[in-house]
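Colleague: Before the discussion begins, please show me the structure. I should like to know how each label is justified.

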Amino acid sequence: MFFAANAPRIEVSRFDYRALWEESSTYREKPHGKLEYILEVEGIRVEFGGIVAVDNAGFRLRPGEILAVIGPNGAGKTSLLNVVSGFYKPKSGRVVFEGRDITRLPPHARAKLGLARTFQHSELFKHMTVAENIMTGLEPWRRYSIVDAAFWTRRAQRWEEWAREKAERAIDLLELHEYRDQIVEGLPPGVQKRVDLARALAQDPKVVLMDEPMAGLSREEKEDLARAIVEVNETRGISFVLVEHDLEVVMDLCDNVVVMDSGRVIAEGPPHKVANDPRVIEAYIGG
Amino acid sequence: KGGTTATPTASPTAAATQTATASPAGTATGTAGATGEKTMEINVGLLVDLSGPTSDVGKDYAKGAELAFKYFNEKGIYTKDGVRVKINYVKRDYGYKPPKAEEFYREFRDRYNVIAIVGWGTADTESLSDRTAKDKIVYISASYSAKLVPKPFNFFPAPDYSTQACAAVTWMSQKKPGATVVLLYDHKIAYSKSPIPAIKAMAEKLGLKVVDVDLPLKADEASAEAAIREAMKYNPDFMWCGNTIGSCSLAARAAAKLGLNAVMIANVWGFDERFPELAAADVKGKVGGVSPWIWPEYAKDKPGYRETYEAAKMAGMKEDEVNLRVMQGFMNVWLLVKAISMVDSKTLKEKGGEALKEALESSCQGEPIKLGDITPEMRYCPGKHLPFTSSYIVVYGEDGEFHFEGPITPEGVDCVKATLEGS
Amino acid sequence: MLEVNNIEVVYHPYILVLKGISISVPEKSIVAVLGPNGAGKTTLLKAVSGLIKLDRGRVTKGYISYMGEHIENRDPEDVSRRGIVYVVEGRRIFKELTVEENIEAVAYAWRDRNPDPDLVYKYFPRLRVRRTTRAGYLSGGEQQMLAIGLALLARPRLLLLDEPSLGLAPKIVSEVYDSIRRLHEEEGMTILLAEQNARKALEIADHGYIIENGKIVLEGPAEKLREDKDVKEFYLGMRGAESGSYRRAKWYRRKKRWV
Amino acid sequence: MGELGQLVSYIVAGSIMGVVYAALALGFNIVYRVSKSINFAHPALVLLSATVAYIAAVRAGLGLAAGTLAALAVGFAVSAATERLVARPLRGRPPIALIAATLGVYYVLKGVSMFVAGGSIPQASLLRSEFSLRAGPVTLSASDIAAIAAGAGIVAIVVALHRLTRLGVAMRAVAEDPYGAAAYGLPVKLLTMLSWGLAGAAGGLAAIAVALKANLSPILEVYVIKALAASLLAGLDTVAGIIVGGLVLGVTEQLVRFLEPYLRFGVIDFTGIHEAAAYMIMLLVLLVKPYGLFGTERIERV
Amino acid sequence: MPAGVFKETYLQQMAHLRYPIHVYSAIAALALLAALPFMAGPFIANKLAFYMVYLVAAIGLNITTGLAGQISLAHAALMGAGAYTAAWLTLHGINILAAIPAGALMAAAVGTLLSLPSFRLKGYYLAMASIAAQEILFYTYQRWVASDQYMPVNDDAKVLLGLELGEGKLLYYTTLALTLIAVWTAANIGRSSIGRAMKAVRDNDISAEIVGINVTRTKALAFAIGSFYAGLAGGLLALHLTAIDYDNFTLEQSIDFLAMVLVGGAGRIIWGSLLGLAAIMASQSMLEMVFEGNPMYKYLVLGAAIAYFVVKEPEGLIAVLRRVKEYFRLWPYSY
Ligand SMILES: Nc1ncnc2c1ncn2[C@@H]1O[C@H](COP(=O)(O)OP(=O)(O)OP(=O)(O)O)[C@@H](O)[C@H]1O
Ligand SMILES: Nc1ncnc2c1ncn2[C@@H]1O[C@H](COP(=O)(O)OP(=O)(O)OP(=O)(O)O)[C@@H](O)[C@H]1O
Ligand SMILES: CC(C)C[C@H](N)C(=O)O
Ligand SMILES: [Mg+2]
Ligand SMILES: [Mg+2]
């Protein structure tokens, strides 16, 4: 596929983009060889003025795994995800990414390490085109200064070319060609979700956190999105953490499931096992 | 300059006959009209404040200047060699904002090729003075700032603010030696600050104690009260108000309300016939102002004043509308007209503003200039455009009448120099 | 009770969204409108409630009649006064107000009809506990309940519900649907329901319409729709033997469309 | 008069200004409550109301009562019209649109004020009376007393209106989500327009208060801009809290003014710093406690 | 591999002048601008040069507010920082051409400071913070920086190799040259990744942060760059004027700048600013000429125009221009 190991690299004279590719591209022959867990989240506690939203919860994610976090509304799933992506500061607990403690890191720094995230509601840059949205995700890897930008130096031009090419690959993957130069505001919600994912994938992340990716999508759109997730997971070894209410999707896609209720983890394990856990049925699935 | 012609545009000045058409300075239109006299036209800029913080006095000043233009045009302005000069004036309201003044200055210069400007404010006149000197445009301003005294192209028919203020300080010290004087002025306005160094120098010389208090030029009742409250801390015998009449009258009202018993003397622009009415409080015997001239109402029939009234009548104004401000505007234009009458048409045509300047400066050695009986004999010398040095102190007496005391000529301190060095 | 006759709806300036839709909602029934994303379900409900006006939309053709009166292109207030209340998609409650204040605010609108806050708590007892919490901090299910609860204050005769299950956990979905059923049964409310969750909707509905692309492509009694082959495949995700695994979906591209 | 007496007189003056500030700030808060937006035209609205009041009361000689009525009417009408013509069509657009549009209205109203007064805003007082009350270091003029009455009156009326009816809550609901509110049957348009009108009327009465206190002048609007500090200090969505915001602002300003003479150290001369005091309070509040003392914090979630 | 082909065209797609017609128009416009002082006389040329100063400032605000969405009503005050710095330097014998960039840098520094509130505040709150900042800076200028109301600019510092840059045609050309540089660099910043990051922050700061953009830094940068242009304009002002007066830097001027950006087209750095400038400043000058400087008409006419355009043309005059263009392109058919 487009991201395969032997994808042709652009050769640009005098400018070593190979390093840049290496830095941002997570594709390895054997992804994440040594580490057992790529993301470890332990003992997280989040409070909002007295309300305990997350209470000593956590999960561990193996490289290449698709993990689902499910649980009733208000269980603290989004809050937990926000802690992982850095948007909320936990009261206690830690987030370890590739063996490195990132609990105190600001969100934008985490993105650069390879932790991407999509949103529950469309959080795209609505006045920009699809291509621009995706390219914006590459800003952390910008390799030229404001002076280069102002005078549009070779350096700036080269980088822009590189970024655009990377964006094109994400566009290919998610079949967004027809929307490439359209402003995202007003695109169908399903397409917006795809753009959101493309923006994340263009960053060559190691882990993608997705908050209710399937909410509000039709069956057909859900299938499209699922296909994309499975594909990058299989071909590039990208791991996923999905917060999702659609149990069918969870059962079909995920390797492991974590179930939360009232801020705590009440069960975890493979989907079929969890689905039959009485506590889960009681708290989440219902009779 | 003057080589290219700006696009002739119909200027919308009220009276069509008075509008300036874009034309190089001093176009001789040759023989014109039935009378067969030779005529030429010149353009003059009129920069006034009708809407800004000094519009309380600016509106009447502008009125005075405009009626002077009409009056003299009507009566006929003749150069030394008998060519009739028609003055086209272009009026701009700059709202007492110096940047706007500079914008309009450029319009005057580039679009209308004016050779003289009748101006207004201190900050703008001062900051433009070097440029007007370069452009050789005579600038007759309503600002009598001491800093303009040495400038080659700036003129005014009065002593500078510093010399006037020194007269006031002299007066105070005569009334009560060793008195405490609070200086109320706007610490951020060039006009208000202008005489302060001279006042301080003079006060030191005469042994008076002075204290600064900030009174905004754009004062309102609340801020005037605050200023007076601060002034009361110092138990003053006198106060100097360096702002315009609106602000000074509010200060007087606040003083009356808060029971401060000091006598307040205001700068020329801070005191005139309307003061008691504006103060709307019992200020009898407690306020006064400086004036280099007797006010029109008190010398209606004297030469000079007569012309002012005549012009006002021509413009359809009532007699009691003629006040000090109208006269000041009238005088500035009159000075310009005087200058024109002192040159011959050829020099005027060739040298424009410079000719007028030289004419006025010829008074240094030769015949002095007088605007009727309004001013004493005035002499403008190169490098020192200080026509005379005496001022009256106008006091609003216990009887509710204005009394002119003086004229006083400050002595012992070079007030112009004190200001030039002091800031 | 409600008769939507062949309406066309145009958003400003000329985006035609509904292309001739007719539905009818009999008194004391539950009618479900199903359809994929962007089909026009919300638009239909907005057209009925008058809210399209706020989106600069208009009914340009056809009519909507409620109890024999034409109500298309009226102000939303006017429509709600007649007893039609619309529970907007996406839990549009007043997030910065507490639950109580939410109720108070809406009660203000109906102060002439003696709104009864206890009715809200009766159907959604969970909310009583959360009375003083700001609504923004409620869980998704509670927010949805509050949203429906607020509508009750108006004592509507026709309740328009837009995707009440959106983003809710399965158990909460069941709970919400139970409440809807109770409202229908105990208060005798007529309900028009727009849903993506076809399974749930068809469970409680008497009649269903399927909209795609602004047109009705299928309609019928709920039980009939539940058995329809296409509905089964595309809305209920049951695809014969394969039974539609998402994992396998990746190689399977479907092109079939009704229209 | 001793230092202490001085201080007392400054504090009294500050409190009077505080009441006036509270009345001026009221307009901002009412609009914010119902529209979640700041009406930057408010300063000019106050200016216009004061100008009209002056024309009615002094130029036409109808007296202060007539002037007050005129100001109220003009304030109400202009503000309601602003809502209808500018704010309503901008619903849902980002804040900057309404900021710019109301600034445009601000210009227009300023121009109209100049126009009705014949070309420029006059400097004049609304009330001519030499009556005054004196108690120790404190002197109150007729204007002061009338200003307090007008200022405190309008604040009391509006607070009562909010407290005694559920209008306040309804307004907040409308502000937060006009769309949802309309769906639930709240009379959104009417409520919004009435609220703006009320804000305008409050501005009209506040205009009387401030014009009594500070005279009619082109810089009257500066007081209104400064009153924003009182709004912020109290919290933009409170009504009753505004009185605290106003008093704190007014007294602080006077205290700074009191201290000014002691703040002159040669080159570094803080003369006039009280003019900037309101803005410093504003900045400080925004940086430290943007929602003010009594305001409710916004909820932001992803 | 579509990417390979695309690489060739991407830079072309990003170019400022994409089609031959753009190139020709640019050349024609430049020629016209160069010849203008000879064709139109000093008044028009001076006026145009003066507008250019404000164009540079408007571009600055269009970056801060239009592109990055950080509302600022303190832009005039920032322009002041540049102007006073430049003027002060000339008084100390520094040539104006060195003083102008120094002023711009100073303004950028002050602007960065002013970005502090934006880290926490948005929308109305940020607008109010900027009003406060504007007034505090204004106070500083009034009382401390130039307490004599004006700070003179040294005319001798406006001379380069015996050429008087502050006068006549040279003033025009100097301003033109600096303006063109400013326009070009601003346009470049707009199309760079930095520009995209700013737009991202404007559209959705939360997701920008999560996507990996350092939002705080981007906001600070947006303020810094915007202020840099404001300072540049301030420096140019020092070149034009005989003295720098605080009345140049009032809240009202800041409002005018904001109006220029919004009426012209927010986020359309060059064309939006240009159209906004033409609409606001040029019409203001017209009104001043017609009504002898009376500001009442400015308030009435401009105020109404601002409100009208913001309400009726959300995207600004640029949208009107596009419609006109479209109309002519399709002429004589209506669609
Ligand atoms: N910013 C916040 N301020 C205050 N409380 C919050 C905030 N964010 C979340 N909460 C509270 O924390 C709890 C957990 O919320 P969270 O959004 O994490 O749940 P969730 O599992 O994602 O639910 P859903 O399935 O509805 O999305 C809820 O009670 C919520 O009210
Ligand atoms: N305010 C609007 N202006 C213009 N077009 C709109 C507007 N609102 C909706 N649309 C368009 O109308 C179409 C139908 O939208 P609608 O929201 O009614 O669909 P829906 O069936 O409710 O979808 P969903 O399942 O996502 O809620 C969509 O294509 C949408 O883009
Ligand atoms: C203050 C005003 C009365 C104008 C005055 N001529 C000045 O010097 O500025
Ligand atoms: Mg969630
Ligand atoms: Mg919908």
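The exchange below concerns salt bridges and the burial of their partners.

Modeller: This is a predicted model, in which local features need pLDDT of at least 70, side-chain atom pairs count only at pLDDT 80 or more, and totals for chains, interfaces and linings use all residues. Residues are numbered from 1 along each chain as its sequence is written, chains are lettered from A and ligands numbered from 1 in the order in which they are written, and side-chain values use heavy atoms, leaving out hydrogens and water.

Colleague: Why is the contact of Arg62(A) with Glu36(A) called a salt bridge?

Modeller: A salt bridge is a side-chain nitrogen of Lys or Arg within 4 Å of a carboxyl oxygen of Asp or Glu. The closest N and O atoms of Arg62(A) and Glu36(A) are 3.2 Å apart, so the pair qualifies.

Colleague: Why is Arg62(A) called partly exposed?

Modeller: Buried means under 20% relative accessible area, exposed over 50%, and partly exposed in between (1.4 Å probe, protein chains only). Arg62(A) has 38%, and is therefore partly exposed.

Colleague: What makes Asp277(A) count as buried?

Modeller: Its relative accessibility is 16%, which is under 20%, so Asp277(A) is buried. Its salt-bridge partner Arg279(A), with N and O atoms 3.4 Å apart at the closest, has a relative accessible area of 49% and is therefore partly exposed.

Colleague: How do you know that Glu275(D) and Lys188(B) form a salt bridge?

Modeller: Their N to O distance is 3.8 Å, which is within 4 Å, so the definition is met. This pair crosses between chains D and B, and both residues are buried.

Conventions: Helix = DSSP H or I, 4+ residues; strand = E, 2+ residues; numbered from the N terminus.
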